Amino acid sequence: MTAIVISRVPFVKHMRPLPPAPLVANTGEIKSFTFSVDWNMSHSATSGTPFNWGGNRVLGVWGVGALKDPCTEVTCSYGSTCVQSSDGMSAKCMCPLSCDSNPDQMVCGSDGKDYRNECELHQHACKNQKNIRVQYQGTCDPCKDSENSLNTICRVKPVTRQPQIYWPPESCPPGNEPLCASDGRTYPSECAMTATGVQKGVSLRKIHSGQCRKLEVCKEDCLFNAVCLVEQLGARCSCDPIECDDTYKPLCGKDGRTFPNDCSRRKAECLSKSLIPIKHPGPCVRQSVFLSVSMWPSPRLSGLQVDRGVTQQATSSGGL
C-alpha cells in the first residue's frame, strides 16, 4: 500500500477549504489522482508534478508517499552540507562561509593538520576540494611541544593520547647490576634498558641478571627493522617487540598505503619483509570524480557559500 499526501494550500475566495492537513489516503500503486478544489471544479495531477490553481501553487503527489526531501538525491562531499532551496523543490551542497561563532575545540584532520574546530576543517576541505575527516579530537601530535628537547623523549600514549615524558638512556645513573634483556643485549641497569626501549620504540623486558649468554643472542642480523627476541628455545628475529605510539603524522608509502606515522611504516616493512619507501608526507590521495554543484542553480543563502563538492545520484527517470 502507498500513502498519498495532499498538501494544504492557502484558502482563497473560490476555493473550498481542504480537510485538516495532511489528508492521507491508503491506496495501491497509482501514477495520478483527482481531487476537488471547488464544488464545481476539479483538477487532475500527474504524480510528482506541481501545478497552479488560482495563482496558488499546489503540489501533487511525489510518486510514492509524501513529498520527497531533495537532499536524498544529493551526496555532498569535501565538507559541504546539503541545503534545500526556499521552495523545497531542489537542493545544493554549500560550504561553511564563516566559523567565527564556533567555539575553540581543536581537532586533528586526516591530512595530519590541526584545526581550531570541526567547522574550520570542513571549510578548508570544501575550499580546497579535498576529503578531510576528523581523525582525533585534539591535536595530531600531543608531543609537538616537546619534540625539540634533547634532554627528554616524548611518546603519545595509545587510547588516551596523552603525552608521556621519558629520560634518555644517558640520563640514567651509572649501573652496577647488569642484566640481560629480551633483545639479547646486556644493559648496565633497568633504567638504561627501559629508556633504550622507549627511544627505539621497542618493548624490552628483563630476562635475568648478569650478562646475556651465547644462546640468548640472535645468530644473524635482523633485517627489515626486525628485533632480536629471546625466548625459552633461543633467540630469533621478530616484529612483535616493535611498539609504536599514537602520534599522528601521516605519510604515504609507495605501496599506496597511508601510515599514521613512520614507526607504523617500519613495522609494516618488518611484517612484509620488504622495503616500503615513502612516496610523500601526508595521506595518500585517492582520485574521485565529482560533478560540480554549479550545474544546479540555487540561491545563495546567508552564512553559506555555493559551488563546492557534490555528487548527484541518478533518479529513476535517468536524470542527474
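This briefing walks through a small sheet, an aromatic pair, a pocket and one loop residue. Please keep in mind that the model is predicted. Two tyrosines, Tyr136 and Tyr248, form an edge-to-face aromatic pair, and the largest pocket has a volume of about 770 Å³.

**The three-stranded sheet**

- Three strands make up an open sheet, arranged in the order S21-S20-S22, and their pairing is antiparallel.
- At the edges you will find strand S21 (258-259) and strand S22 (278-281), each of which pairs on one side only.
- Strand S20 covers residues 251-253 and pairs with S21 in the antiparallel sense over two bridges.
- If you would like a landmark for this pairing, look at Cys252, which stands opposite Thr258 in S21.
- As general background, strands of a sheet pair through backbone hydrogen bonds, either parallel or antiparallel.

**Tyr136, Tyr248 and Arg161**

- The count of aromatic pairs comes to one.
- That pair is Tyr136 with Tyr248, with 5.9 Å from centre to centre and 75 degrees between the planes; the pair counts as edge-to-face because the angle is over 60 degrees.
- The pair links distant parts of the chain, since its two members are 112 residues apart.
- Tyr136 belongs to strand S12 (residues 134-137), while Tyr248 lies in the loop between strand S19 (234-238) and S20.
- Are these two rings' residues buried or exposed? Tyr136 is partly exposed, because its relative accessible area is 23%, whereas Tyr248 counts as buried because its relative accessibility is 6%.
- Tyr136 has a charged partner too: the charged end of Arg161 sits over the Tyr136 ring, 3.8 Å from the ring centre.

**The largest pocket**

- In general, rolling a probe the size of a water molecule over the atoms shows where empty space is left.
- The largest pocket here, with its volume of about 770 Å³, is lined by 23 residues.
- Which lining residues lie nearest the centre of the largest pocket? They are Asn131, Pro283, Cys284, Val285 and Arg286.
- Sorted by class, the lining of this pocket holds eight nonpolar, 10 polar and five charged residues.

**Leu233 in its loop**

- Leu233 is found in the loop between strand S18 (227-231) and S19.
- With a relative accessible area of 89%, Leu233 is exposed, because exposed means over 50%.
- Between Leu233 and Glu216 there are 9.2 Å in space, C-alpha to C-alpha, and the two are 17 residues apart in sequence.

Key. Residues are numbered from 1 along each chain as its sequence is written. This is a predicted model: local features need pLDDT of at least 70, side-chain atom pairs count only at pLDDT 80 or more; totals for chains, interfaces and linings use all residues. Side-chain values use heavy atoms; hydrogens and water are left out. Two strands pair if DSSP finds at least two bridges between them. Helices (H or I, at least four residues) and strands (E, at least two) are DSSP runs, numbered from the N terminus. Rings of Phe, Tyr and Trp (its six-membered ring) pair if their centres lie within 6.5 Å; planes under 30 degrees apart count as stacked, over 60 as edge-to-face and the rest as tilted. Buried means under 20% relative accessible area, exposed over 50%, partly exposed in between (1.4 Å probe, protein chains only). A charge sits over a ring if NZ of Lys or CZ of Arg is within 6 Å of the ring centre and within 35 degrees of the ring normal. On a 1 Å grid over the protein atoms alone, a cavity is a set of points where a 1.4 Å probe fits but cannot get out, and a pocket is an open set with protein on both sides within 12 Å along at least five of seven lines; lining residues have an atom within 4 Å of a point. Grid points are joined across faces, edges and corners, and a volume is the space filled by probe spheres set on the points. Ala, Val, Leu, Ile, Met, Phe, Trp, Tyr, Cys and Pro count as nonpolar, Asp, Glu, Lys and Arg as charged, and the others, Gly among them, as polar.
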